[in-house]
Amino acid sequence: MSRIGKNPIVVPAGVTVEVTEALVTVKGKKGQLTQEFSDVTVKVEEGQVLVERQSDHKDHRAKHGLYRSLINNMIIGVSEGFSKELELVGVGYRASNQGQKLDLALGYSHNIVLEVAPEVVLETISEKGKNPIVKLTSFDKQLLGQIAAKIRGFRKPEPYKGKGVKFVGEVLRRKAGKSA
C-alpha cells in the first residue's frame, strides 16, 4: 500500500466534498475546486475521504498517493488557503502592483508586466532598506505554484552574488568566484 494513499483525509467543518463518476468537487469558504481522477476509487464516509486503488498495477500504485495528495491540497486550500512570498534581491530591483497587474523592474531595459489570474491575491511590500517582497495568496496550490515559478523564472538567483528573484527562506548554493 502507498503510505500516503492509505491515509484518510479528514474533511473540516464548512467544507463539502462531492464525488461523481470521475470528478471530485470540493467547496469551502475560500472557493471551489474540481479534479478529475482515474485508476482509483474515491469515497466520502463519515467526514473522511478515502482513496483506494483498483489493483496493484504499477500505474494504479503511482496514482494512489498522487490523487490523495491532490484532494488533500484541495481541501486545505478551500478551508485555509496557501501563500508564497518571493524576494527581489539586487540593486534597483523593484515590484509594484495595480490590481492584478504585477510590474517588475529586474535590471532589464524594460519593466516586466504580468497579468495574474483573478484567483490569486497579489500584494507587494516595499520597505526602505529591505528587499522588495511579492506575496501571492490563493486557494489553488497548483495555480499559485505556477505563477510563483513564472515570476522566479524572469530572473533566477545567480550563484555568485545571489541576485535575482528567490523564495523567502530559500537557501542558495553560493560559489566562491575567481581566486586571484
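**Strand S11, salt bridges and a pocket in a predicted model**

Glu123 lies in strand S11. The model is a predicted one, and this residue makes a handy place to start. With a relative accessible area of 39%, Glu123 comes out as partly exposed. Leaving aside residues up to four places away in sequence, its contacts are Asn97, Ile133, Val134 and Lys135. For a sense of distance across the fold, take Gln48: it sits 75 residues from Glu123 along the chain, and the two C-alpha atoms are 35 Å apart.

Strand S11 covers residues 121-125, strand S12 covers 133-138, and Pro132 is found in the loop between them. Despite being in a loop, Pro132 is buried, at 9% relative accessible area. Its neighbours, not counting residues up to four places away in sequence, are Leu86, Glu87, Leu88, Tyr93, Arg94, Ala95, Ile125 and Ser126. Gly177 is another matter: 45 residues separate it from Pro132 along the chain, and 26 Å lies between their C-alpha atoms.

One of those neighbours of Pro132, Glu87, deserves a paragraph of its own. Glu87 belongs to strand S7. Is this carboxylate buried or exposed? At 17% relative accessibility it counts as buried, because the cut-off for that label is under 20%. Two polar partners turn up for its side chain. The first to mention is Asn131, whose side chain makes a polar contact with that of Glu87 at 2.9 Å. The other is Lys166, which forms a salt bridge with Glu87, the closest N and O atoms being 3.5 Å apart. This pair ties together distant parts of the chain, with Glu87 in S7 (residues 82-89) and Lys166 in strand S13 (residues 164-167), 79 residues apart. Lys166 is buried too, at 14% relative accessibility. The wider set of residues that Glu87 touches, again without residues up to four places away in sequence, consists of Asn131, Pro132, Gly164, Val165, Lys166 and Val168.

How many salt bridges does the structure hold? The count is seven. As a general matter, side chains of opposite charge can pair when their charged atoms come close. Besides the Glu87 and Lys166 pair, one of them joins the side chains of Asp39 and Lys63, at 3.1 Å from N to O. Here too the link is between distant parts of the chain: Asp39 is in the loop between strand S4 (32-36) and strand S5 (40-45), Lys63 is in helix H1 (residues 58-79), and the two positions lie 24 residues apart. Asp39 is partly exposed, with a relative accessible area of 22%, and Lys63 is also partly exposed, at 26%. Another salt bridge brings together the side chains of Arg53 and Asp56, likewise at 3.1 Å from N to O. In this pair Arg53 is buried, with a relative accessible area of 16%, whereas Asp56 counts as exposed at 56%.

Asp39 also stands out for its backbone. Its phi is positive, about 70°, although the residue is not a glycine. Glu46 does something similar, with a positive phi of about 50° and, again, no glycine to account for. Glu46 is found in the loop between S5 and strand S6 (48-53). In terms of accessibility, Glu46 counts as exposed at 84%, while Asp39 counts as partly exposed at 22%.

That leaves the empty space. Rolling a probe the size of a water molecule over the atoms shows where such space is left. In this model, the largest pocket has about 200 Å³ of space. Which residues line the largest pocket? The lining is made up of Leu33, Thr34, Gln35, Leu70, Asn73, Met74, Phe82, Phe139, Asp140, Lys141 and Gln142. The elements that give two or more residues to this lining are S4, H1 and helix H2 (141-153). By residue type, the lining divides into five nonpolar, four polar and two charged.

Note on methods: Residues numbered from 1 in each chain as written. Predicted model: local features only at pLDDT ≥ 70, side-chain atom pairs only at ≥ 80, totals over all residues. Heavy atoms only, no water. Salt bridge = Lys/Arg side-chain N within 4 Å of Asp/Glu carboxyl O. Helix = DSSP H or I, 4+ residues; strand = E, 2+ residues; numbered from the N terminus. Buried < 20%, exposed > 50% of the residue type's maximum accessible area, 1.4 Å probe, protein only. Polar contact = N/O pair within 3.5 Å; in protein donor to acceptor, adjacent residues only side chain to side chain. Contact = heavy atoms within 4.5 Å. 1 Å grid on protein atoms, 1.4 Å probe; cavity = no way out; pocket = protein on both sides within 12 Å on 5 of 7 lines; lining within 4 Å. Points joined across faces, edges and corners; volume = space filled by probe spheres on them. Nonpolar A, V, L, I, M, F, W, Y, C, P; charged D, E, K, R; others polar.
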